[in-house]
Amino acid sequence: MAWEKKYLEFECMHVEKETEKALQVVINNQTFWVPKSQIAEDSEVSSEGQSGVIKLSEWIAGEKGLLEPGTMETPAPAAKKPSDEIPF
């Protein structure tokens with residue numbers, strides 16, 4: 001039985017730089033270097049200057065802090081904090 005990588009989708013604001021083996025991407029307003037070997041072949045984002053959905057391996061997403069601690073899930077959107085203002 002062959003081991004198969006699992007990929008997760010993230011919104012990539014843009015790719016800042018590219019080398020032969022890696023992309024420098026901006027996800028959630030944070031900049032990361034990601035090995036091209038950890039990006040799915042069918043990812044929308046694959047070279048410098050692009051933006052859109054990037055598919056990263058579950059492993060590299062965890063290594064870069066893009067997952068909820070202790071899980072292999074993408075973080076839930078931040079909940080709105082209740083306002084101290086009077087609504088009227």
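**View 1. Asn29, out in the open between two strands.** In this predicted model, Asn29 is exposed, with a relative accessible area of 66%. That is over the 50% cut-off, so Asn29 earns the word "exposed". You'll find Asn29 in the loop between S2 and S3. Have a look at the backbone too: phi is positive here, at about 60 degrees, even though Asn29 is not a glycine. For background, most residues other than glycine have a negative phi.

**View 2. Asn28, a companion in the loop between S2 and S3.** Is Asn28 buried or exposed? With a relative accessible area of 52%, Asn28 is exposed. Asn28 isn't a glycine, yet its phi is positive, at about 55 degrees.

**View 3. The sheet, strand by strand.** Stepping back a little, here is an open sheet made of four strands. Read across it and the order goes S3-S2-S1-S4, with antiparallel pairing. Which strands sit at the edges? Those are S3 and S4, each of which pairs on one side only. On average, neighbouring strands of this sheet are turned by 55 degrees against each other, if you ignore direction. As a general reminder, strands of a sheet pair through backbone hydrogen bonds, either parallel or antiparallel. Now zoom in on one pair: S2 and S3 run antiparallel and are joined over six bridges.

**View 4. Gln24, tucked into strand S2.** Strand S2 covers residues 22-27, and Gln24 is part of it. Gln24 counts as buried because its relative accessibility is 12%, which is under the 20% cut-off. Which residue in S3 is the bridge partner of Gln24? It's Trp33. Trp33 also turns up among the contacts of Gln24, once neighbours within four places in sequence are set aside. Thr31 and Phe32 are on that list as well, and so are His14, Val15, Glu16 and Lys17.

**View 5. Ser47, in the loop between S3 and S4.** This loop links strand S3 (30-35) to strand S4 (52-57), and Ser47 lies in it. How much of Ser47 shows? Its relative accessible area is 23%, so Ser47 is partly exposed. Leaving out neighbours within four places in sequence, Ser47 is in contact with Val15, Glu18 and Leu23. Val15 should ring a bell, since Gln24 is in contact with Val15 too. Finally, find Glu16: Ser47 and Glu16 are 31 residues apart along the chain, and their C-alpha atoms are separated by 9.1 Å.

Methods. Residues numbered from 1 in each chain as written. Predicted model: local features only at pLDDT ≥ 70, side-chain atom pairs only at ≥ 80, totals over all residues. Heavy atoms only, no water. Helix = DSSP H or I, 4+ residues; strand = E, 2+ residues; numbered from the N terminus. Buried < 20%, exposed > 50% of the residue type's maximum accessible area, 1.4 Å probe, protein only. Contact = heavy atoms within 4.5 Å. Pairing = 2+ DSSP bridges. Axes fitted to C-alpha atoms, helices over the stretch in contact; angles between N-to-C directions.
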